[in-house]
Amino acid sequence: MTDEPDVELEARLEEQDSFEPPEEFVEQANVTDPGIYEEFEENWPDAWEQAADLLDWDDEWDEVLVEEDAPFYEWFVGGELNAAYNCVDRHVENGRKNQAAIRWEGELGETRTYTYQDLYREVNEFAAALRDLGVEEDDVVTLYMPMIPELPIAMLACARIGAPHSVVFAGFSADALATRMNSADSEYLVTCDGYYRRGDALNHKEKADEGLRGVEHEVEDIVVVDRLGDKLTHFLGANYHDYDELVDDHDGERVEPVSRDAEDMLFLMYTSGTTGQPKGVKHTTGGYLSYAAWTSHAVLDIEPEDTYWCSADIGWITGHSYIVYGPLALGTTTMMYEGTPDYPEKDRLWEIVEKNAVDIFYTAPTAIRSFMKWGKEHLEGRDLSSLRLLGTVGEPINPRAWKWYYKHVGDESCPVVDTWWQTETGGMMVTTLPGVNEMKPGSAGPGLPGVDAKVIHPDKEEVEPGQAGHLTVQKPWPGMLRTLYQNDERFVQEYWEEYSDPDSDEWIYFPEDGAKVDEDDYITVLGRVDDVLNVSGHRLGTMEIESAIVGVPGVAEAAVVGGDHEVKGEAVYVYAITEEGTDGDEDLRERVVDNVEDAIGPIARPEEIVFTPELPKTRSGKIMRRLLEDIANGDELGNTSTLRNPDIVDDIQQRVSDD
Ligand code: WTA
């Protein structure tokens, strides 16, 4: 290929701001009827039965939605089902026992394939083992594991016996593990000895042990997977167990899947909020699983025959809904990759796509921006023609990255779905339907059928096209969180108080995102309006980071803001006041970094740390974060005359440019 046509193509793409779904895609898509929006509107909430109908229920529901206790909504009330049965057994029973359920690739290149029969066997064996250890229905089991097959197996084993899991991202620190286990009163932990990152074996078990030392209650049992295969596993007591041995001990055993009420908890997932304490988001069995399955069907267009790959980590909600529960409920083949996208080479992901003939690929804009930076040559030698659909999630995607993805990964023949949602929503909320809607790069799309997404002003009126406002959801949906674990009050405060009017029984969900809308009701999400950062698609609370920083001797006060970052989207910028007599030197800087990594994990590592004698504050003493953000981004500063200490602004700017 000469350069010339490419330039023309780039220019054409540059100008094009909407794209029709490729015909070939539409011809085979799961959802193609534009009437689906009306259908949901006219037949709401009963239309949601089509989501629930994707599952097998032990007992049909009596009522689709019970609103009596709003905002504590209940879905598919009276229904009973088991999530593991739906994700595993029924596919075995339906004659697909030999189909691959999970294809896993380790960072070093080793692969493992679990057919639905293999998965059935191991989930049963591990469920039997958990039960033997004493895990009972409703006991929270913490899973602190990286991207190894034993993680989804453990999740499904928990689901089988009705024990909710709480997965803690393996990149989180020991402290973060302890906080989550304490908050959930979790007495069981499944973890592993280590895993590979950029070719190095990381010691994960040490972190787990350290976390366990911070757990305030008795921990009954700890199961350790021997990922590194060298039996390095170091057992610290009689309540430590080797995963393989447990599974061997229960060889061939079967555990009857427990019939769970639709509203019974399937799992807990902790996420960052405005305060220092992470929030335990509670998801249920019936509504969540229906919603994960439905969106996987309608938006990701998953068919059982597909090889589907979501490159997220199962430690985040994206992995829960779209590596494990949604795809497996639909009986497809879901891929898992343990490692980093640029190891050993920057074409690693494309090698995996080619080798496995991946049909559907779902990733984050931060990854796409890395691919762009590395250059398209890393894709050129790879056959990506198996791809049919592309998706993104986690943060806003800029049109340039969208088009790059569309062109260089999708060869202009795959729709791109930009899906807005949250840990709390359980599944996708705002996105195009790939077989129905045209796509507009940079704009996620309309609310899904049945999802009443509206962008509003503080007075609750909808904004005019082009204006910015707050994104809200004005009707409940099956995948919604039911509460924050053991904290109903905070649940109401965090999500409902802002816009609801309990006196007239009007409940409006506020996700704390800003957004714009256009004349076609396409929503462009602008980002968080609370003190939560989105670093590489990961949610981090500024308060959590700040409290780690003020824990460093010598630091008196700290403010954390998000600075723009080419690849990560946002990066952690720290402004810290040192105590009298302490120098803001390299040593202090290192201690700040270490403390943040110890409290949260390397993902929260500060990009920039500025020591300053003061922070800009309003007359009432509030830190002016907006101003610090402008300084971080080198943006023009607004009026600073309302500050109590306007002089400090120049001083801080000076310190930033000296760095
Ligand atoms: C952001 C991840 C713009 C948003 C599934 C939200 C997005 C937060 C998008 C939730 C998107 C997610 N466009 N912003 N397509 N998807 N976000 O809980 O700010 O880790 O509130 O869930 O990510 O992050 P969470």
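**Two lone cysteines and a covered ligand**

Let's start inside the protein, with C414: this residue is buried, at a relative accessible area of 1%. Bear in mind as you look around that the model is predicted. The cysteine sulfur closest to that of C414 belongs to C310 and sits 16 Å away, too far for a bond. C158 is buried as well, with a relative accessible area of 0%. Its closest cysteine sulfur is in C87, at 13 Å, and that is again too far for a bond. A disulfide is a covalent bond between the sulfur atoms of two cysteines. Here the cut-off is a pair of sulfur atoms within 2.5 Å, so neither C414, with 16 Å to C310, nor C158, with 13 Å to C87, has a partner. Searching the whole structure turns up zero disulfides.

Now turn to the ligand. Around it stand 17 residues, and the closest of them are D418, T419, T423, D513 and R539. By character, this shell splits into six nonpolar, six polar and five charged residues.

Some individual contacts are worth finding on screen. R539 brings a polar side-chain atom to 2.8 Å from an oxygen atom of the ligand. The backbone takes part too: an N or O atom of the E395 main chain lies 3.3 Å from a ligand nitrogen, and one from the P396 backbone lies 3.4 Å from a ligand nitrogen. How much of the ligand's accessible area does the protein cover? Of the 520 Å² that the ligand has on its own, 97% is covered. Helix 12 (317-329), strand 20 (416-419) and strand 25 (523-528) are the elements that each give two or more residues to this shell.

Definitions and conventions: Residues are numbered from 1 along each chain as its sequence is written. This is a predicted model: local features need pLDDT of at least 70, side-chain atom pairs count only at pLDDT 80 or more; totals for chains, interfaces and linings use all residues. Side-chain values use heavy atoms; hydrogens and water are left out. A residue is near a molecule or strand if one of its heavy atoms lies within 4 Å of it. A polar contact is a pair of N or O atoms within 3.5 Å; within protein, one must be able to donate a hydrogen and the other to accept it, and residues adjacent in sequence count only if both atoms are side-chain atoms. Accessible areas come from the Shrake-Rupley method with a 1.4 Å probe; for residues, only the protein chains shown count as cover. Helices (H or I, at least four residues) and strands (E, at least two) are DSSP runs, numbered from the N terminus. Ala, Val, Leu, Ile, Met, Phe, Trp, Tyr, Cys and Pro count as nonpolar, Asp, Glu, Lys and Arg as charged, and the others, Gly among them, as polar. Buried means under 20% relative accessible area, exposed over 50%, partly exposed in between (1.4 Å probe, protein chains only).
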